[in-house]
Amino acid sequence: MLPFIGLLILCGTVYCLIKRLETRMVLFASGLLMSIVALQPMLALDSFAGRMTSGGLIQAICSVMGFAFVMKYTGCDMHLVKALTGVLKKGGGLLIPGTTMITFAINIALPSAAGCSAAVGATMIPLLMAAGIHPAMAGAAVLAGTYGSMLSPGSAHNAFISELSGKTVMEVIAVHAPATIAAGIAGAIILTAIAYFRKEHAGHLVQATEGTMENQIDKVNPLYALMPVLPVSILILGSSVMPAIKMGVPQAMLIGVVLSLLLTRMNPQEATKKFFNGMGTAYADVIGIIIAASVFVTGMKTLGMVDVFLNWLINTPSLAKFGSTLGPFILAILTGTGDAAAFAFNEAVTPFAEQFGMTIANMGTASAVAGAIGRTASPLAGAAIVCAGIAGVNPLELAKRTMPAMIVSLVVLMLVLFL
């Protein structure tokens with residue numbers, strides 16, 4: 001009886017997320033309600049308290065967000081965007097896939113999907129429209145690249161899976177990097193094919209909008225442009241060819257902050273405020289979802305739902321691989337966020353991955369990347385709304401174009417990660 005009540009609450013949770021109610025409130029309230037029904041409300045509260053102090057998560061996520069705020073303050077992120085997008089001005093037929101892959105690459109350094117969309121879209125969407133590409137396709141080209149953040153050491157998902165698996169963040173990224181990159185390339189190719197099929201790759205002349213980044217920056221400073229990718233470069237080199245400089249994510253981010261301030265000569269007092277404001281935002285917006293998801297999963301455990309689901313997967317292990325990807329993918333499309341589904345799945349199921357013939361890193365990253373891909377196909381996602389606003393179209397028009405590409409990306413992800 002209790003699992004059935006839990007199922008009803010779960011359906012209500014999904015409905016509330018689809019209606020765009022506050023994600024953290026919905027997950028926390030649902031988890032607490034389930035714990036109350038099971039007459040164990042303190043388990044939900046204890047879960048909340050326990051997840052608040054997850055050291056590895058807080059260090060990685062907060063330091064990266066603080067670094068991102070400093071990059072925005074110094075303008076280094078804009079120099080990086082203009083440096084990379086400048087090469088596409090004479091791209092011709094490569095404009096659409098090139099835009100997607102450049103967005104994908106920039107999203108690694110600027111992990112926020114919506115923030116990356118705003119930074120890249122301000123230049124690239126008007127540029128693509130001026131080149132004759134349909135406005136909706138121009139917006140879709142940027143949107144399709146907004147899950148490159150899965151390759152960022154500061155990704156909340158990578159840090160979360162690192163804690164679950166006992167691997168370092170860079171080791172977790174190494175597990176899914178080939179699959180994530182292959183999925184990104186596949187998505188760019190399919191989106192380009194869709195543009196040619198719909199005849200949206202040329203002939204749709206629209207005047208570019210004013211106030212783009214190109215009007216804000218007269219000339220790219222190469223050193224400024226290198227700053228956003230410096231910490232990532234340090235982490236990659238330290239974990240591979242230069243072990244002497246191996247360090248944690250917070251240390252690399254702080255080095256990036258200090259060097260960018262020395263280079264740009266911006267006010268260190270203001271930069272310090274930005275950094276800690278970014279850390280606070282990370283805790284509230286990102287870690288807050290992880291905490292709420294933990295309460296939600298605890299509620300499902302108290303009602304026996306997790307045990308029922310695990311037993312079902314154990315009896316049909318061949319479905320575990322599909323469940324770890326299709327579930328977060330579909331829910332991300334419906335809700336506009338891949339975080340809630342992926343964190344909940346990884347909290348509840350991924351620790352038992354070995355019972356399904358998988359590793360924690362494989363199952364966890366599959367769920368996280370699938371959620372990010374699903375978000376990229378959703379008209380409700382913040383990144384989709386940003387791109388649609390710049391292009392002057394309805395977000396649904398972007399989703400119509402990214403959806404087929406993201407379905408292919410999901411298939412490629414599964415093939416590379418699981419075979």
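Select E22 and R24. Their side chains meet in a salt bridge, at 2.7 Å from N to O. Keep in mind that this is a predicted model. E22 is partly exposed, at 35% relative accessibility. R24 is partly exposed too, with a relative accessible area of 28%. The whole count comes to seven salt bridges.

**Stop: R51 and its partners**

Now select R51 and E163. These side chains also form a salt bridge, 3.8 Å from N to O. The two ends come from distant parts of the chain: R51 belongs to helix α3, while E163 belongs to helix α9 (residues 156-165), and 112 residues separate them. R51 counts as buried, at 15% relative accessibility. E163 counts as partly exposed, at 36%.

Leave R51 selected and add E347. A salt bridge joins R51 and E347, with 3.0 Å from N to O. R51 lies in helix α3 and E347 in helix α18 (residues 339-348), so this pair ties together parts that are 296 residues apart in sequence. Is E347 buried or exposed? At 14% relative accessibility, E347 counts as buried. The cut-off for buried is under 20% relative accessible area.

**Stop: a salt-bridge network**

Select R198, E200, E397, K400 and R401 together. Salt bridges link these residues in a network. Show the side chains as sticks to trace it.

**Stop: aromatic rings**

How many aromatic pairs does a search of the whole structure find? The search finds four. Start with F28 and F48. They form an edge-to-face pair, with 5.7 Å centre to centre and 75 degrees between the planes. This pair links distant parts of the chain: F28 sits in helix α2 (residues 23-37) and F48 in helix α3 (residues 41-51), 20 residues apart. F28 is partly exposed, at 26% relative accessibility. F48 is partly exposed as well, at 32%.

Move on to F275 and F276. Their ring centres are 5.5 Å apart and their planes stand at 85 degrees, so this pair is edge-to-face. Colour the two residues by accessibility. F275 is buried, with a relative accessible area of 8%. F276 is exposed, with a relative accessible area of 53%.

**Stop: helix α15**

Select residues 268-302. This is helix α15, with 35 residues. From its first C-alpha to its last, α15 reaches 49 Å. That is close to the 51 Å expected at 1.5 Å a residue.

Walk along the helix from its N-terminal end. Which residue caps that end of α15? N267 does: one of its side-chain oxygens lies 2.9 Å from the backbone nitrogen of Q269. Next, click on I287. Here α15 bends by about 40 degrees. Then go past the end of the helix to G304. Just after α15, G304 takes a positive phi of about 85 degrees.

**Stop: helix α8**

Select residues 135-143, which make up helix α8. Nine of the nine residues of α8 are buried, so the helix is largely enclosed by the rest of the structure. Click through them in turn: P135, A136, M137, A138, G139, A140, A141, V142 and L143.

What do the buried residues of α8 pack against? Give each of these helices its own colour:

- α6, residues 95-109
- α7, residues 113-130
- α10, residues 169-197
- α19, residues 360-376
- α20, residues 382-391
- α21, residues 395-418

**Last stop: V393**

Keep α20 and α21 on screen. V393 lies in the loop between them. V393 counts as partly exposed, at 22% relative accessibility.

Which residues is V393 in contact with, leaving aside its neighbours within four places in sequence? They are P135, A136, A388 and L398. P135 and A136 should be familiar: both are among the buried residues of α8.

To finish, draw a line from V393 to L8. These two residues are 385 apart in sequence. In space, the distance is 37 Å, C-alpha to C-alpha.

Note on methods
Residues are numbered from 1 along each chain as its sequence is written. This is a predicted model: local features need pLDDT of at least 70, side-chain atom pairs count only at pLDDT 80 or more; totals for chains, interfaces and linings use all residues. Side-chain values use heavy atoms; hydrogens and water are left out. Rings of Phe, Tyr and Trp (its six-membered ring) pair if their centres lie within 6.5 Å; planes under 30 degrees apart count as stacked, over 60 as edge-to-face and the rest as tilted. Helices (H or I, at least four residues) and strands (E, at least two) are DSSP runs, numbered from the N terminus. Buried means under 20% relative accessible area, exposed over 50%, partly exposed in between (1.4 Å probe, protein chains only). A salt bridge is a side-chain nitrogen of Lys or Arg within 4 Å of a carboxyl oxygen of Asp or Glu. The expected span of a helix is 1.5 Å times one less than its number of residues. The bend at a residue is the angle between axes fitted to the seven residues ending there and the seven starting there. A polar contact is a pair of N or O atoms within 3.5 Å; within protein, one must be able to donate a hydrogen and the other to accept it, and residues adjacent in sequence count only if both atoms are side-chain atoms. Contact means heavy atoms within 4.5 Å.
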